[in-house]
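Work through the exercises below with the structure in view. Try each task before reading its solution.

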Amino acid sequence: MAAAAAHVLVFPFPLQGHINCMLHFATALVGAGVHVTFLHTDHNLRRLGSRAPSAAGSPLLRFMSVPDGLPDDHPRSVADLPELHKSMAGGATGPYRALLALPPSLAPGSPTPSRRAADAGADPTGGFPPVTCLVADGLLPWAFDVAEELGVPAIAFRTVSAGSFLAFLSAPKLFELGELPFPAGGDLDETLRGVPGMESFLRRRDLPSFCRRPNDTDDDVNPALHALVDLTVHSTKARALVLNTTASLERSALAHIAPHMRDLFAVGPLHAMHLTQAAASGSLWLEDDGCMAWLDGQADRSVVYVSLGSLAVISYEQFTEFLHGLVASGYPFLWVLRPDMLGANQDAALQEALAAVGEDRACVVAWAPQRDVLRHRAVGCFLTHAGWNSTLEAVVEGVPMVCWPFFADQQMNSRFVGAVWRNGLDMKDLCERDVVESTVRGAMESDEIRRSAQALAQQVRRDVAAGGSAATEFERLVRFIKDLTT
Ligand code: UDP
């Protein structure tokens, strides 16, 4: 029987890190001849403005949006994530259901924000085939349930590492062994046996931060941990799980996850996959390209690139410790300080930073073209919060890392950098000026770390090149998706 045209609805949780890698995934699907509708929230599509639709450049790719359930003027800060998670289910379900039930060009309703977003998308043919498959962020379990109820097969996509996914999958074992919950006041350096394949290096402090006791409460277990474990279990029911990782980075974790899943595809790092067309921009902030000219004026491998991702906020004390540590390291630095990172003190703090070091030695931007920065010859190391996208971006460019993890999966990623791949140093959660200074120097000056980083980059680049493990997995996934339509 001839297959109907495959049309995948790609639906990320509306955060920068999730959007970035799922947009690369969408672009790769389009390159394989698959129609893709990429589903933003109304709020994010408005933030992207003309950047998303106009850059799409393919008749196979379109952008649509659904409400996130929060009022327009809601700050949507990192503290509001549980609220956003909850409101998405309420706000988006109706329009999302309508979108799945009919071809998007026939989606019902008067001009809601979602509909206007569709009209702005690139669709010169005037109609896409009906959606044949959903690939949704594992943080959106209701999206799977609605899709399967409507007869649309659902595939789960998780934007974290295989190691972090495995940690949540291993929660029952950790509880059984008494390794969760952490004892009050217990030693965070204690090693753990409950996550298979990681017994030799995983400590309490490396588990996703939700495993720690919540601050200021008597609860044993962080409610977010229960929620994330439930989401992980929910993902095991999907037709398949897609992870933005590759065997040469996480062979063991992937092998331990596979038996729990109906199928598993390790197709990353997606941003490094050879793409036949340019990816549309998913950047919620406007990139400041000025820092590239500043980098051009710096010596090879002399600059510390500092970015803590799209969500982390820091206190004024942390900022000060950080600044002193960086200055004492003696290297010029390029620092991304998002406008919402420091709160009310931000402008004054910024002036202080620049006055302390002088503009030739420091460049501060609100948002950088990070992948271009990491590729620049002047960058010597990356001081990062170790978000999974940032980690993969540094790995692919062979740039040594200094990791200062904040929350979620960042602790696990940092441990892999410091103890498994050895392409950088893990600052753990310590933000003290002496630690910043010594770890930055360590990462900038260690031949061993640089060699490991470069060897890892070569390996991972082979994985995403034609015939490599990730590229082959991606081809298998495209066939899997196309077979769902027969
Ligand atoms: N990023 C960027 N410019 C910046 C800072 C970050 O383009 O100035 C991008 C970065 O390349 C990555 C994403 O934002 O793709 C951040 O995702 P990650 O998973 O590293 O961290 P999160 O923001 O989710 O904490």
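**Exercise 1.** How many residues surround the ligand, and which are the closest?

*Solution.* Note at the start that this is a predicted model. Begin with the count: 19 residues surround the ligand. Then pick out the closest: G17, G309, S310, G387 and S390. Next, find the elements that give two or more residues to this shell: α1 (16–31), α14 (370–375) and α15 (388–397). Of the elements, α15 gives the most, with four residues. Finally, sort the shell by type: six residues are nonpolar, eleven are polar and two are charged.

**Exercise 2.** State which residues of α17 are buried, and on which side of the helix they lie.

*Solution.* Locate the helix first. α17 covers residues 433–445 and has 13 residues. Its span from first C-alpha to last is 18 Å, close to the expected 18 Å. Now list the buried residues: V436, T439, V440, A443 and M444. They cover an arc of only 130 degrees around the axis, so they sit on the same side of α17. Last, look at what covers them. Among the covering elements are β8 (303–307), α12 (316–329) and α18 (447–464).

**Exercise 3.** Decide how compact the chain is for its length.

*Solution.* Start with the elements: the chain has 19 helices and 13 strands. Its radius of gyration is 22 Å, and the globule rule gives 23 Å for 486 residues. The two values are close, so the chain is as compact as a globular protein of that length. Then check burial: buried residues make up 50% of the 486. Finish with contacts. Of those with a separation of 6 or more, 71% join residues 24 or more positions apart.

Methods: Residues numbered from 1 in each chain as written. Predicted model: local features only at pLDDT ≥ 70, side-chain atom pairs only at ≥ 80, totals over all residues. Rg over C-alpha atoms; globule rule 2.2 N^0.38 Å. Buried ≥ 20, exposed ≤ 12 C-beta atoms within 10 Å, placed from the backbone. Contact = placed C-beta atoms within 7 Å. Expected span 1.5 Å × (residues − 1). Arc of directions from axis to C-beta. Near = placed C-beta within 6 Å. Nonpolar A, V, L, I, M, F, W, Y, C, P; charged D, E, K, R; others polar.
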